[in-house]
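Please look through the sequence and the structure shown below before reading on. The report that follows takes one region after another and describes what can be found there.

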Amino acid sequence: MFRNSLLIFIMVLFSGGSTIGQVPDICLTKEEYRLYSMINDYRSQKGLDIIPVSKSLCYVAKIHARDLFNNRPDTSFCSLNSWSDKGQWTACCHSRYTPNPSCIVNKPAELTKYTGEGHELSYWDSEQLHPDTVFNFWLSIDQAREVLLNQKKWSYFNWKALGVGLYKGYACVWVGEVVDTEPEPTLCANAPGADNLVLPVKELPKDVVSSPTGRYCIIFGSFKTLQDALKMVAKYKNDGFYQAKVIVNNDTYRVSLSDHATQQEALNARKMMGNEYKEAWVTKY
């Protein structure tokens, strides 16, 4: 079993930011509510105030847990506090070597109408995720325990909001000093998939296709970044391929010169392109 936990230890003034709208209806799963309760029970044992559950910070925590699972921004030297470039938020790679705290503390303001900064504890487990395991691991880490108990440099903070999100091996807990004006989230039903939250994906440019169309495309080039693929699309449009577009396939960006209703039509069109495009291939998407 492999576990990894990374904490944010920052004291940055909130710089504001725009929101993307009202927080959707969300609920706390049984596991999320248990982790929330364990944190507050522990604080009560230490004579500290209970931190109210925050719908806004729960939403941020749930979105981040899903971003970590679906898009894996914590690859290479980027920590679990990093965010991908796949959604309606500012992407960032955060680590002790390349700290980017402002990107993280502003996430509540980017995703919700919460007006305060946010601080996060993150955790990943390759095996089944248990709230007790997450909580006990954080208690074993001095820095994490200090966040939960407002000790040492965190004694200057007074937590007024707490959000929890668990998803497929990832656990995220967010705390903030501002009272959340949103109503508290409800408890989810016991049925699987009751908390069916969808990531707010980034709007793609008009020349990008991310869903299957059933048409046969003439592909000429595959790229690792959307930016590189879009540059080639612009070039091919200038060369007369007015149907050129980017086809998104997992983490690969392919350039389609044209698309056709049948495979034979696509093969005939490729043949007419000449030797310059002899390496092009036909695929259905």
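## A residue in a loop

Glutamine 128 lies in the loop that runs between strand 3 (119–125) and helix 5. The model described here is a predicted one, and in it glutamine 128 has a relative accessible area of 62%. Because a residue is called exposed when this value is over 50%, glutamine 128 counts as exposed. Along the chain, glutamine 128 and lysine 168 are 40 residues apart, yet their C-alpha atoms are separated by 7.8 Å.

## The protein as a whole

The protein contains eight helices and 11 strands, and 47% of its 285 residues count as buried. If one takes the contacts in the protein with a separation of 6 or more, 70% of them are accounted for by residues 24 or more positions apart.

## Strand 3 and its partner

Strand 3, which stands on one side of the loop holding glutamine 128, has seven residues, and six of them are buried, so the strand is largely enclosed by the rest of the structure. Strand 3 is joined to strand 5 (residues 170–176) by six bridges, and these two strands run antiparallel. In this pairing, tryptophan 124 stands opposite tyrosine 170 of strand 5.

## Helix 5 and helix 1

On the other side of the same loop comes helix 5, which spans residues 131–139 and in which Pro131, Val134, Phe135 and Trp138 are buried. When helix 5 is seen down its axis, these buried residues fall within an arc of 95 degrees, so they line one face of the helix.

Two packed helices are described by the angle between their axes and by the distance between those axes. For helix 1 (residues 30–45) and helix 5, the angle is about 35 degrees and the axes are 9 Å apart, while the crossing of the two helices is right-handed. On the side of helix 1, the contact is made by Glu31, Arg34, Leu35, Met38, Ile39 and Tyr42, and on the side of helix 5 by Pro131, Asp132, Val134, Phe135, Trp138 and Leu139. Sorted by kind, the residues of this contact divide into nine nonpolar and three charged, with no polar ones.

## Two buried residues in helices

Is asparagine 40 buried or exposed? This residue is found in helix 1, and at a relative accessibility of 4% asparagine 40 counts as buried, because the cut-off for that word is under 20%. Not counting residues up to four places away in sequence, asparagine 40 touches Asp49, Ile50 and Ile51.

Histidine 64, found in helix 2 (residues 55–71), also counts as buried, with a relative accessibility of 0%. Which residues is histidine 64 in contact with, leaving aside its neighbours within four places in sequence? They are Leu80, Asn81, Ser82, Trp83, Glu120, Ser122, Cys172 and Trp174. For one of these residues, serine 82, the C-alpha atom is separated by 8.9 Å from that of histidine 64, and the two residues are 18 residues apart along the chain.

## The five-stranded sheet

Five strands form an open sheet with mixed pairing, and their order is 7-9-10-8-11. Its edge strands are strand 7 (208–209) and strand 11 (281–284), each of which pairs on one side only. Strand 7 runs parallel to strand 9 (residues 245–249), to which two bridges join it, and here valine 209 stands opposite isoleucine 247.

Strand 9 also pairs with strand 10, in the antiparallel sense and over five bridges, and the bridge partner of isoleucine 247 in strand 10 is arginine 254. Strand 10 pairs in the antiparallel sense with strand 8 as well, over six bridges, with isoleucine 219 standing opposite serine 256 of strand 10. Strand 10 is mostly covered, as seven of its nine residues are buried.

## Helices packed on the sheet

Helix 7 (residues 226–238) packs on this sheet, where it touches strand 7, strand 8 (216–223), strand 9 and strand 10 (252–260). The direction of helix 7 makes about 30 degrees with that of strand 10. Helix 8 (residues 263–272) packs on the sheet too, touching strand 8, strand 10 and strand 11, and its direction makes about 55 degrees with that of strand 8.

Terms used:
Residues numbered from 1 in each chain as written. Predicted model: local features only at pLDDT ≥ 70, side-chain atom pairs only at ≥ 80, totals over all residues. Heavy atoms only, no water. Buried < 20%, exposed > 50% of the residue type's maximum accessible area, 1.4 Å probe, protein only. Helix = DSSP H or I, 4+ residues; strand = E, 2+ residues; numbered from the N terminus. Arc of directions from axis to C-beta. Pairing = 2+ DSSP bridges. Contact = heavy atoms within 4.5 Å. Axes fitted to C-alpha atoms, helices over the stretch in contact; angles between N-to-C directions. Left-handed = near helix turned anticlockwise from the far one by under 90°. Nonpolar A, V, L, I, M, F, W, Y, C, P; charged D, E, K, R; others polar.
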